[in-house]
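I opened my notebook on this one with a plain plan: look up the fold, then the core, then the surface. Here is what I wrote down as I went.

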Amino acid sequence: MGGHGHGEPYTVPHPSIYKVENIPKLREVQEALARQGLKDPWLRNEVWRYEPSTMGTHATRARAFFLRGLLWGSIAAAIHIGCEYAFSSKDEHGHGHGHGDGEHAEGGHH
């Protein structure tokens with residue numbers, strides 16, 4: 001079942017590559033549990049979340065989250081502003097009404 005004869009779609013890494021001892025935060029959890037006489041046999045399954053090579057650092061993830069669409073958003077905004085400028089009437093003054101001269105004089109407001 002490799003998907004249309006292209007081979008395996010992914011390779012499952014061997015569990016032995018994930019070592020709690022390599023991750024300081026998880027080592028702290030392991031030591032805190034040990035002080036209480038406990039052990040978490042599944043803690044190794046969380047190692048991949050803390051490895052910068054796999055998930056990146058907090059800073060790289062935050063940067064990717066906030067800047068992901070900035071380029072295309074800026075391009076779309078520039079195109080939109082350009083189209084507004086190119087296709088808008090130069091005579092409009094932004095009120096949206098067809099006021100003639102003298103309609104804004106004293107008492108002339110309806």
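**Entry 1: helices.** Before placing any residue, I noted what counts as a helix here: a DSSP run of H or I that is at least four residues long, numbered from the N terminus. With that in hand, I placed Arg-61 in helix H4. I also reminded myself that this is a predicted model.

**Entry 2: the whole chain.** I then stepped back to the full chain and found 5 helices and 0 strands. Reading along the sequence, I wrote the pattern down as α-α-α-α-α. For contacts with a separation of 6 or more, I noted that 40% join residues 24 or more positions apart.

**Entry 3: burial.** How much of the chain is buried? I got 6% of the 110 residues. My figure for the accessible surface of the chain is about 10100 Å², and carbon and sulfur atoms hold 59% of that.

**Entry 4: the core.** In soluble globular proteins, nonpolar side chains tend to be buried together, so I went looking for such a group. The largest nonpolar core that I found has 5 residues: Val-20, Ile-23, Leu-26, Leu-43 and Val-47. I picked Leu-26 for a check of its contacts, setting aside neighbours within four places in sequence. Leu-26 touches Val-20, Leu-43 and Val-47, and also Glu-46 and Tyr-50.

**Entry 5: the salt bridge.** Glu-46 had caught my eye as a contact of Leu-26, and it turned up again when I searched for salt bridges. The count came to 1. Arg-49 pairs with Glu-46, and their closest N and O atoms are 2.6 Å apart. Are the two partners buried, exposed or in between? Arg-49 has a relative accessible area of 42%, so I put it down as partly exposed. Glu-46 has 30% relative accessibility, so it is partly exposed as well.

**Entry 6: back to Arg-61.** I returned to Arg-61 and listed its contacts, again without neighbours within four places in sequence: Arg-49, Met-55 and Gly-56. Its relative accessibility is 30%, so Arg-61 goes into my list as partly exposed.

**Entry 7: the aromatic pair.** A search of the whole structure gave me 1 aromatic pair. Phe-65 and Phe-66 form it, edge-to-face, with 5.0 Å from centre to centre and 80° between the planes. I checked accessibility too, and both Phe-65 and Phe-66 are exposed.

**Entry 8: the nonpolar patch.** Which residues make the nonpolar surface patch of about 480 Å²? I found Phe-65, Phe-66, Leu-67 and Leu-70. Helix H4, residues 58–67, gives the most to this patch, with 3 residues. Leu-70 sits in helix H5, which covers residues 70–87. That is where I closed the notebook.

Note on methods. Residues numbered from 1 in each chain as written. Predicted model: local features only at pLDDT ≥ 70, side-chain atom pairs only at ≥ 80, totals over all residues. Heavy atoms only, no water. Phe/Tyr/Trp six-rings, centres within 6.5 Å; stacked < 30°, edge-to-face > 60°. Buried < 20%, exposed > 50% of the residue type's maximum accessible area, 1.4 Å probe, protein only. Salt bridge = Lys/Arg side-chain N within 4 Å of Asp/Glu carboxyl O. Helix = DSSP H or I, 4+ residues; strand = E, 2+ residues; numbered from the N terminus. Contact = heavy atoms within 4.5 Å. Areas by Shrake-Rupley, 256 points an atom, 1.4 Å probe, with all protein chains shown as cover. Core = buried A, V, L, I, M, F, W, Y, C linked by side-chain atoms within 4.5 Å. Patch = residues over 30% accessible without salt bridge, like charges linked within 9 Å, V, L, I, M, F, W, Y side chains within 5 Å.
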